Amino acid sequence: MISPPVGLLFRMVLAACLGALAALGLAPYGFWPITLVALALVPWLLQGIDSPRRAAWIGWAFATGYFAHALIWIVEPFLVDVARHGWMAPFALVFLSGGLALFWALAFWLATRMAKSPAMRIWLLITALSLAEFARAYVLTGFPWAGLAQIWVGTDVALSLAWIGPQGLGVLTLIVSLLPGYALVSGETTRARLLCGVPLLALLLVGFALTQAVPETHPSTGTVRIIQPNAPQHQKWDPEMMPVFFERQIGFTAEAPRPDLIVWPETAVPVLLGYAAPAFEQMTVAAAGTPMTVGIQRTDGARAYNSLVYLDGNGEVAAVYDKHHLVPFGEYFPGGDFAARLGLRGFAAQEGDGYSAGPGPVLLDFGELGKALPLICYEAVFPDDVSGAAGRAAFLLQVTNDAWFGQYVGPYQHLAQAQMRAVEQGLPMVRAANTGVSAMIDPWGRITDSLPLGEAGYVDAPLPAPLPITLYARSGDWPVLCLLLFGLILPLRPQRK
């Protein structure tokens, strides 16, 4: 094995490059072996490093490179109006990737600080990094985007999400990459090195076995029309273009034959709910008695809500769902309402600045199609939001406006996470995206029908029947968290003499 570079700065640069390569496992690339190889080289980078501080810098550099590549789409919202906001784009990427990397830096520091041997450090690093990813998914409302489990979407291994969820699969990803990497640099015997490759082989074999149990066809419960108007973000709220996109959706809605449900994407209706009666009347005529669910905005006093409305066959509002998991700094300013109590009202949702959060996950009854759990855009990123409603849905329903994410990396990563939620719950997902990718996803995460990114159109897709409730839907992340905490404490137990 080649000796690692001597200088810390050189190791950090190399770590950042490896981190950037590791992001190639995510959508739209899907080169998961590259991710595993990049992670496997981490023990080589740490070889000879005994200082927790130096280890933390290496971990921070690797994670910064990873997140900077994985989250490159974060610059897209600032490019909608380049003249006003373009200068913020590089700062957003640098601060977001560098900030998220602090979770990994702490894990590297902790593993090096607590370890009594190189082998123990790898064990602790797997555990600490897994706990860091847990923290990233939950702390300050969480941001689990680009989690390690996402590299498996589209592979047989992704089916294990129904059993262990994204955090559990993230742990296995670290095990099957860091253990072989450690074996190569530790001077272990050839037999020991081969044994360290067994977890990866076992993971692939389990994924293959799970795939063999998946039927090629699956019964459906009805037909859903998914509509994609393809409204670019810089035109979406242009007064001259709003009627164009609305009429485009009306035309798609009126097409025969009639489905059982029609779905429009996030904020598809260009007026507030309180003023939408004329629009609803036009939509009802086009739907010809078919129920619809559409994204819309509404207000209640000074407060504004990003909402989804269910219109029955007569065009009456049968239910309203308000998005409850909002995007920090995008849809609201964290702590704004608290600041308003101190007299600083400029960022308070209660004063009309940004959106207010709805009460939480709910189920909407769609008659013969069954009950659906609505998710608006960002909410599909969080497994706990999907399992937070009382009772079990028959399908998941996501409406989103991915025009903010650009035309390449972001929309496909968002779609991949929707596929993960379907597998985790054993439920199909109806996904209507403003600019794409709109899709019908079956309970095994397979895309059965879709509309390409950047195209206007609609698709009448059979709605797959749900599967029995999954183990992960019952247990959530608690078993994995408990095992990780036990794994962090176990190496530190007093040794008997």
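This passage describes backbone features at four places in a predicted model.

Two cis peptide bonds are described here. One joins A27 and P28, with an omega of about 5 degrees. P28 is placed in the loop that runs between helix 1 (8-22) and helix 2 (32-40). The other leads from A256 to P257, and its omega is near 0 degrees. The loop that holds P257 lies between helix 12 (242-254) and strand 2 (261-263). Thus P28 is found in a loop with a helix on either side, while the loop of P257 has a helix before it and a strand after it.

Positive phi values in residues other than glycine form the second topic. For L140, which is not a glycine, phi is positive and near 55 degrees. This residue belongs to the loop between helix 7 (118-138) and helix 8 (161-185). The relative accessible area of L140 is 76%. Because this value is over 50%, L140 counts as exposed.

N230 is likewise not a glycine and has a positive phi, of about 60 degrees. The loop in which N230 is found connects strand 1 (220-228) with helix 11 (233-236). With a relative accessible area of 17%, which is under the 20% limit, N230 is classed as buried. Of these two residues with positive phi, then, L140 is exposed, whereas N230 is buried.

Conventions: Residues are numbered from 1 along each chain as its sequence is written. This is a predicted model: local features need pLDDT of at least 70, side-chain atom pairs count only at pLDDT 80 or more; totals for chains, interfaces and linings use all residues. Side-chain values use heavy atoms; hydrogens and water are left out. Helices (H or I, at least four residues) and strands (E, at least two) are DSSP runs, numbered from the N terminus. Buried means under 20% relative accessible area, exposed over 50%, partly exposed in between (1.4 Å probe, protein chains only).
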